Amino acid sequence: MEEPKYDIYRLTDERETDLWKNAIFIFDSSALLDFYFLPAKTRSKIFKLFTTKLKDRLWIPSHVKYEYNKNREKIIRKPISENYKPLKDENLKAIKNSIKEIENRILDLKSKTSKDDKHPHIPQDEIDAFSIKIDLFKKESEAFEDSLITRIIQVEDEINQLPSNDDVLVAITDLFKVGRYYSYNEVFEITKEGKHRYEYSIPPGYEDLKDKEKKGTQIFGDLIIWKQIIEFAIATKKPIILICNDLKEDWCHLEKNTTEKRIGSPREELIKEIYDAAAVDFWMYNQPQFLYKSNQYYNAKIEKQNIDNLTQFLTTKTKTQNELVFDCNKCGKKHRYKKDELEMDFECVGSDERNMGLENEYEAREYFECDECGKEINVIFSVWEYPIGVHNYDGVEIEGGTLISCFNFSIDFHDEPEFDVCVRCGNQFVDERNSEVCEKCEEEYIIK
């Protein structure tokens, strides 16, 4: 095949303009489902854009449609539990508790300074004047809380009505063409290729090995979608813009030097694979980038605040996967820990035959002490070495605390010390002295 006449890995202004003029826009399931996190008025503007500016240029693979249908009703109500319920149960409650704490501190201050023989230089009228200000602030805070809760209830009602009055479903059904259905044998052939690609971290989709909710062919869902996109590109010879909110390294490089999660470029392997197969131009955006560019190229008039909110949502969604968050059962203090802050004690508890060979199961423990009340908290992870050389989070239990959220846990085992098996007791240990016996057995032998 001939070399391309331009740099297919770099997006210039001229090339981007040409893409937005001629490309087919393909949305993955994450981008379609995240429409439900946008306000209804914003969705209406987007669907108007689809109808007026992108008519006959919208397409989704059949596997995207399958994933959307499978997750639709669960995702519709997800904003209530993930976005709005925490506002009421955590943020507003914390504000109320903070104001109550200030009131108590002022009463304590007034009590301690009320006698002239102990604090003759502390005027009580200044404390009383400040108490009045706090009381006014408390009333304003209560009014703010009532107003916000009313708005939250309105949004929750709007969300609860979506399953029976779903504008997103209508837009997808009416405006998007859908690719052909793949037979089971076709999917099975893709999984055979996927096994090799995932073993060597060839994009897309290998990050799904860490998602233990996915079983069987679901693990290869991203690869199935990618194969369907390539088939479509070969048939149409049209440039492709993929809108993807699955901001993982097996799809794209993220922009550097920014706290927000934005796609810098697709993975080079994907650009080359689709170009070699179909000789078409290919690029990727996440949904906020797509909306921003729609304002630029099509004057879509999507409010910047809504784009920023969606960017923050995607950034937060990605961040929460990297945190362990739990409350202390004794004092209620919230604790947050990043993956790289943990030092796990691993113990092998079993093995199993999986689709990539014999894999080991570990129990990993982490011990904490609440820095507020001193209570001991024990977190137990169930971890699979899957594939060989990588530890993947599979479940978590907690003693002495309440789990709030946990990350998709993964540790590269190749970076950890190599373990040997003690010839006396059979336990794993790091044999730094080449003795073939662990320190405990060696100590017992010396004592005997």
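Let us start at the second largest pocket, which has 20 residues in its lining; Arg262, Pro288, Gln289, Tyr292 and Ile307 are the ones nearest its centre. Keep in mind as you look around that this is a predicted model. The volume of the second largest pocket comes to about 330 Å³. By residue type, its lining is made up of eight nonpolar, five polar and seven charged residues.

Where do these residues come from? At least two residues of the lining are supplied by each of strand S6 (263-266), strand S7 (282-285), helix H11 (287-298) and helix H12 (304-320). The biggest contribution is that of H11, with five residues, and this helix is a good place to go next.

Begin at the start of H11, where Asn286 places a side-chain oxygen within 2.9 Å of the backbone nitrogen of Gln289. Gln289 is also among the residues nearest the centre of the second largest pocket. Moving along the helix, you will find that Gln287, Pro288, Gln289, Phe290, Leu291, Lys293, Ser294 and Tyr298 are buried. In an α-helix there are 3.6 residues a turn, so residues three or four places apart point the same way. The length of H11 can be checked too: its twelve residues should span 16 Å at 1.5 Å a residue, and because the C-alpha atoms at its ends lie 15 Å apart, the two values agree. After H11 comes Asn299, which has a positive phi, near 50°.

Strand S7, already met at the pocket, takes us to a sheet. Five strands make up this open sheet, with parallel pairing, in the order S3-S2-S1-S4-S7. Its edge strands are strand S3 (177-178) and S7, each of which pairs on one side only. So S7 has two roles in this picture, because the strand that helps to line the pocket is also an edge of the sheet. At the other edge, S3 pairs with strand S2 (residues 58-60) in the parallel sense, over two bridges. Look there for Ile60, which stands opposite Val178 in S3.

For a contrast in direction, turn to the hairpin of S8 and S9. Strand S8 (residues 323-328) and strand S9 (residues 334-338) run antiparallel and are joined by five bridges. Within this pairing, Val325 has Arg336 in S9 as its bridge partner. The hairpin has five residues between the strands, and in it Gly332 adopts a positive phi near 85°.

Note on methods:
Residues are numbered from 1 along each chain as its sequence is written. This is a predicted model: local features need pLDDT of at least 70, side-chain atom pairs count only at pLDDT 80 or more; totals for chains, interfaces and linings use all residues. Side-chain values use heavy atoms; hydrogens and water are left out. On a 1 Å grid over the protein atoms alone, a cavity is a set of points where a 1.4 Å probe fits but cannot get out, and a pocket is an open set with protein on both sides within 12 Å along at least five of seven lines; lining residues have an atom within 4 Å of a point. Grid points are joined across faces, edges and corners, and a volume is the space filled by probe spheres set on the points. Helices (H or I, at least four residues) and strands (E, at least two) are DSSP runs, numbered from the N terminus. Ala, Val, Leu, Ile, Met, Phe, Trp, Tyr, Cys and Pro count as nonpolar, Asp, Glu, Lys and Arg as charged, and the others, Gly among them, as polar. The expected span of a helix is 1.5 Å times one less than its number of residues. Buried means under 20% relative accessible area, exposed over 50%, partly exposed in between (1.4 Å probe, protein chains only). A polar contact is a pair of N or O atoms within 3.5 Å; within protein, one must be able to donate a hydrogen and the other to accept it, and residues adjacent in sequence count only if both atoms are side-chain atoms. Two strands pair if DSSP finds at least two bridges between them.
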